[in-house]
Structures are given as structure tokens and as C-alpha cells.
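Q: How should the local features of a model like this be read, one at a time?

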Amino acid sequence: MIPNPLRDPRDRRLPRVPEPCALVVFGITGDLARKKLLPAVYDLANRGLLPTNFALLGFARRDWGDQDFAELSRKAAREHARTPWREDVWEQLAADITFVQGSFDDDDAFDRLAATLAELEGSHGIGGNAAFYLSIPPAMFPTVLKQMQRTGMAESTPDRWRRVVVEKPFGEDLPSSRQLNELVDSVFSAEDVFRIDHYLGKETVQNLMALRFANTLFEPVWNGHHVDSVQITMAEDVGIGGRAGFYEKTGAARDVLQNHLLQLLALTAMEEPVEFSAEEIRTEKLKVLRAISVPEDMETFAVRGQYEQGWLAGERVHGYRQEEGVDPESTTETFAAVRLGVETRRWAGVPFYLRTGKRLPRRVTEIALVFKRAPHLPFADTDTEELGNNQLVVRVQPDEGVTLKFGSKVPGSVMEVRDVSMDFLYGEQFTESSPEAYERLLLDVLLGDATLFPRNAEVEASWAVIDPLEEFWAGSTPHPYRAGEWGPRAADEMLAAENRRWRRP
């Protein structure tokens with residue numbers, strides 16, 4: 001395609017819009033597609049960010065016609081869309097929606113899919129460009145990838161691009177991850193593979209880099225000389241829902257710690273990239289992931305738990321072993337906490353405490369830098385009884401923003417110093433609401449921008465951290481904790497062993 005000679009790529013007044021293309025979604029009738037992908041496609045169309053020549057092609061086992069599928073898509077998009085509903089936008093989008101029925105091991109179905117995609121090149125003018133989204137269980141990846149290879153759908157040429165989006169988990173340990181990576185790379189070239197971690201699409205995660213590298217205020221103290229510890233928390237108040245089959249095989253560490261939390265750690269600890277490009281950012285993140293050290297005393301500093309029945313938001317909820325589809329003797333963890341180190345000059349000696357869990361008191365994800373206390377306080381001990389450590393907290397969800405916590409004098413005739421907070425909230429500062437993570441990431445896939453997508457080496461470096469923990473935990477029973485509590489007592493004892501305590505989000 002001939003580029004517009006009048007368009008300066010530095011011009012931010014006009015949004016970037018992808019080339020004409022198709023988006024092919026495998027597993028289009030599943031929860032992820034209905035709640036995230038279809039609404040994201042509608043929101044992109046509503047914002048004018050989809051190309052004029054665009055086609056959405058769904059593939060699933062259900063025996064539906066185009067009309068049935070269009071109705072399902074409309075209902076899902078309207079229910080979960082972020083932007084206001086506009087019937088004219090949907091009608092234009094609906095005219096570009098096609099459904100192909102079939103199972104993943106059915107050669108005839110994939111032949112029909114390939115033929116349909118070829119027809120769309122002429123009818124919709126998509127130029128042969130296509131992105132394939134694998135919204136399917138990881139066990140089905142090999143079957144689908146081999147079918148795509150057999151039918152030639154995965155082949156890029158100088159005149160067209162073909163990309164694939166792979167959902168987590170990327171394997172279940174380092175060997176299986178390497179095996180999956182080799183399979184994907186045998187079908188698609190490395191630059192055409194997009195491993196999606198939706199946390200990296202969140203506005204506040206990206207703001208972490210702006211906070212650090214666009215300001216001179218924070219970077220001088222963003223190191224072990226001033227930071228006492230770093231706490232990264234991802235808490236969920238929900239249980240496992242209907243995901244027992246997946247969760248029993250995975251657990252909290254593989255589901256969240258291996259990808260979301262280690263990616264947040266890498267962004268927090270990375271050095272400034274030479275430029276804001278996909279390659280340079282990945283280079284710096286990979287250095288961090290390879291520098292992570294696991295605790296020698298795993299008995300104390302690697303804790304996992306499992307929720308029991310309890311009270312949450314005024315309602316009594318089941319324990320994990322009472323959830324439908326869960327083994328009554330299950331030893332799968334629903335909570336994981338670990339103390340990691342980052343062996344670089346900037347972070348040597350600073351503990352990174354990571355924790356994630358289900359059925360915790362509230363849904364929250366945050367990164368907290370806890371600073372060292374002042375080496376000398378010229379006040380009486382009674383004046384500073386209410387003074388804690390300074391903290392810089394990046395709130396990823398749900399109240400996106402940044403909090404700075406520091407000491408201030410309480411008004412009055414005596415010197416009393418107490419913690420106060422300064423808050424920045426995205427929703428109050430900016431009139432435009434933040435796009436959903438999948439909205440941003442889908443657009444990046446269609447644009448071919450891999451900045452927010454981890455590559456093979458990052459995934460494998462993350463598994464190299466998790467595998468020793470899983471090996472230590474194998475055969476052990478998780479610590480119990482009641483639903484509605486902040487995890488098992490052992491997690492508090494982990495920090496107490498070093499005279500610290502968890503920050504209460």
C-alpha cells in the first residue's frame with residue numbers, strides 16, 4: 001500500500017487506522033469473545049478506528065447461521081460496550097460479520113473457512129490481510145495452528161500480512177512453553193505472533209512508563225538507595241466461577257503470577273529504554289526478568305493458600321473445594337505470595353513482594369513503592385507515632401490513578417506528624433474515559449505494533465522464575481484462609497519475618 005505523503009507519523013491530531021483487513025476469531029461464542037472482543041470491535045468502530053474495508057469472521061462449533069451470529073454479536077456488544085450505543089455504527093459493522101461453523105479437527109470446516117476468507121478479499125476489499133485470534137483452550141492451539149498451516153491461511157506474502165494472537169497461559173511450565181513457542185513459530189514468523197497479556201493494555205500500566213521516564217521527579221529515588229521494598233498486589237473478590245476445569249490444572253501462580261505480576265514487576269524495575277519502541281522496551285524488560293532471584297528459604301518466603309467458606313460483601317460464599325467441578329481433596333492454590341529479588345545495581349537488596357488471590361476483600365491491582373524511613377527524625381517519639389513509610393502507589397484498577405503518601409503536621413499547637421495522601425485520578429483529570437485493555441491491544445494487533453506484547457524470551461524467563469516455586473509446592477497442602485480475608489496468616493508472617501507488613505489497598 002502506498003503511504004500518504006501528506007501524513008506526518010508524528011502528527012497526533014489524527015488517529016492511526018489499520019490497513020484494510022479481516023479479524024478471524026476462533027471460539028467466537030465463548031465468554032472472552034462475548035464479553036471482551038466483540039465489545040472492543042464495536043468500540044473501535046464507534047471511535048472511527050477500524051478501516052473502511054474490514055471484515056469480522058467468527059469460527060465455532062455451534063450450528064448457527066450468519067443471522068443468529070449477528071444477533072449474538074449485537075447483544076454482546078450492546079451489553080458490554082464502553083462507548084455509547086449507536087445503531088447506525090452497529091448496522092454498518094454487522095454487514096461485515098460472517099460466521100463459519102465447524103470443529104477444530106474438521107478439515108472440511110477449515111477448507112470452508114479458508115475459502116470464505118478468500119471470498120472476503122474480493123467482496124470487502126481487505127487485501128488479504130488477516131489477524132487470527134485464538135480465543136480457545138490452550139490444548140486446542142496445536143490442532144488449530146496445524147489446520148491453518150495446512151490450508152495456507154498463516155502464510156504472509158509481500159502483498160499481505162497474517163498475524164496470530166495467542167491468549168495466556170503460554171504453556172504450564174518452561175518445557176511446555178518452549179514446545180508451544182516452537183509450534184507457533186513454525187507456523188507464523190516471530191514478528192507476526194502477538195502473545196496477549198491484557199494487563200499490559202491497561203492505561204495505568206502504560207502510565208507507569210510515562211510516570212518514570214517523562215518526569216525528573218521520581219527517577220532519582222526509584223532505586224535501592226531510597227526504596228525499602230516494592231509490593232505488587234492483584235486481588236479479586238470473586239471465586240473461580242465456572243472455570244473449575246481450567247483452574248484445577250493451573251492455580252493462582254500459573255494463572256496470574258507467571259504473566260500479569262511478573263510483567264508489572266519488569267515494568268517497575270526496568271531501566272530507561274533507548275527509545276519508546278517495542279524492541280527496546282522488550283530488551284529492558286527481559287534484562288529484569290533474567291535478573292530475578294527466587295528466595296532460598298521458600299518455606300518462609302513462598303506462600304500459597306486456598307479459600308474456605310466465609311463472608312464477602314454480606315453474603316456467605318463457598319470454599320474452593322465446595323465449588324462445582326472441584327476435587328473435594330484439591331490442593332490447587334487460589335492465593336500465592338512470594339518474595340523475589342532483582343539482582344541489578346539499581347535494585348540489589350530490595351525485596352519485591354508479589355501476591356495474588358481470589359475471594360479477597362476487594363478487587364484491586366496496584367504497585368506500591370515503599371520508601372525507607374528518614375535516617376534521623378528531630379521530633380519526639382510521641383510526635384511521629386502515626387507516621388509510616390512514604391509510599392508511591394500506582395493503582396492499575398479499579399480506581400485508576402496514582403497516590404503519593406507522605407507525612408504532614410496535624411493542625412494544632414503541638415508538633416504531631418501523620419500520614420496524608422495526594423491522589424491523581426484518571427477519571428477526574430481527563431474528560432475522555434480510558435479505552436478497555438482489549439480495545440487498545442486489538443488495535444495494536446491490526447496496526448502491527450508489538451510494544452505491549454511479550455515475546456518468547458520474556459515468557460520463558462518468567463517460567464524460569466515460576467517453575468522452582470511450583471516444584472517446591474508440589475505435593476504440599478495450601479494454607480487455608482477464609483473468604484473475605486487478605487489471604488492466609490503465613491503471608492503476613494512472610495513480611496513480619498523482615499519487620500514489614502502488607503499495605504492495605
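The turns below go through annotated sites, backbone features and helix contacts in this predicted model.

Q: Which residues does UniProt list for "binding site", apart from H198, K202, E236, D255 and K358?

A: An annotation of this kind comes from a record and may be inferred rather than shown by experiment. Here the unreviewed UniProt entry lists R61 and K168 under "binding site".

Q: Is R61 buried or exposed?

A: The idea is to compare the relative accessible area with a cut-off, and exposed means over 50%. R61 has a relative accessible area of 63%, so R61 is exposed. The residue sits in the loop between β2 (54–60) and α2 (66–80). Setting aside residues up to four places away in sequence, R61 touches Q101, G102 and S103.

Q: And K168, is that residue buried or exposed?

A: The other cut-off applies here: buried means under 20% relative accessible area. K168 has 17% relative accessibility and therefore counts as buried. Its place is the loop between β5 (162–167) and α6 (174–187). Beyond neighbours within four places in sequence, K168 is in contact with I196, D255, N259 and H260.

Q: Which residues does the other "binding site" annotation cover?

A: Again the source is the unreviewed UniProt entry, and the annotation covers H198, K202, E236, D255 and K358. Two of these, D255 and K358, are taken up next.

Q: Where is D255, and what does D255 touch?

A: A contact list is best read together with the element that holds the residue. D255 belongs to helix α8 (residues 244–269). With residues up to four places away in sequence not counted, D255 touches K168, R243, F246, Y247 and T250. The contact with K168 links the two annotations, since K168 is listed in one and D255 is covered by the other. At 5% relative accessibility, D255 counts as buried.Q: Where is K358, and is K358 buried or exposed?

A: K358 is found in the loop between β13 and β14. Its relative accessibility is 4%, so K358 counts as buried. Not counting residues up to four places away in sequence, K358 touches E236, V238, G239, I240, R243, Y247, Y307, T334 and Y481. Among these contacts, E236 is itself covered by the annotation.

Q: Which residues other than glycine have a positive phi near 60°?

A: The sign of phi is read together with the residue type. R359 has phi near 60°, and R359 is not a glycine. N499 also has a positive phi, near 60°, and is not a glycine.

Q: Where do R359 and N499 lie, and is each buried or exposed?

A: R359 lies in the loop between β13 (352–357) and β14 (364–371). With 16% relative accessibility, R359 counts as buried. N499 is found in the segment after α14 (489–496), and with 77% relative accessibility N499 counts as exposed.

Q: What is the peptide bond from Q397 to P398, cis or trans?

A: The omega angle is what to look at. For the bond from Q397 to P398, omega is near -5° and the bond is cis. P398 is placed in the loop between β15 (391–397) and β16 (401–409).

Q: At what angle do the axes of α1 and α12 cross?

A: A helix pair is described by the approach of the axes, the crossing angle and the handedness. The axes of helix α1 (residues 31–46) and helix α12 (residues 437–447) come within 9 Å and cross at roughly 65°. That makes α1 roughly perpendicular to α12. The crossing is right-handed.

Q: Which residues of α1 and α12 meet?

A: From α1 they are L32, K36, L37, A40, V41, D43 and L44, and from α12 they are Y438, E439, L442 and L443. By class, the contact of α1 with α12 has 8 nonpolar, no polar and 3 charged residues.

Q: How do α8 and α9 cross?

A: The same three items are read for this pair. The axes of α8 and helix α9 (residues 278–291) come within 9 Å and cross at roughly 110°. That makes α8 roughly perpendicular to α9. The crossing of this pair is right-handed.

Q: Which residues of α8 and α9 meet?

A: On the α8 side, L262, Q263, L265, A266, L267 and A269 take part, and they meet K285, V288 and L289 in α9. The residues of this contact divide into 7 nonpolar, 1 polar and 1 charged. Helix α8 also holds D255, the annotated residue discussed above.

Technical notes
Residues numbered from 1 in each chain as written. Predicted model: local features only at pLDDT ≥ 70, side-chain atom pairs only at ≥ 80, totals over all residues. Heavy atoms only, no water. Axes fitted to C-alpha atoms, helices over the stretch in contact; angles between N-to-C directions. Helix = DSSP H or I, 4+ residues; strand = E, 2+ residues; numbered from the N terminus. Parallel < 35°, antiparallel > 145°, perpendicular 65-115°, else oblique. Left-handed = near helix turned anticlockwise from the far one by under 90°. Contact = heavy atoms within 4.5 Å. Nonpolar A, V, L, I, M, F, W, Y, C, P; charged D, E, K, R; others polar. Buried < 20%, exposed > 50% of the residue type's maximum accessible area, 1.4 Å probe, protein only.
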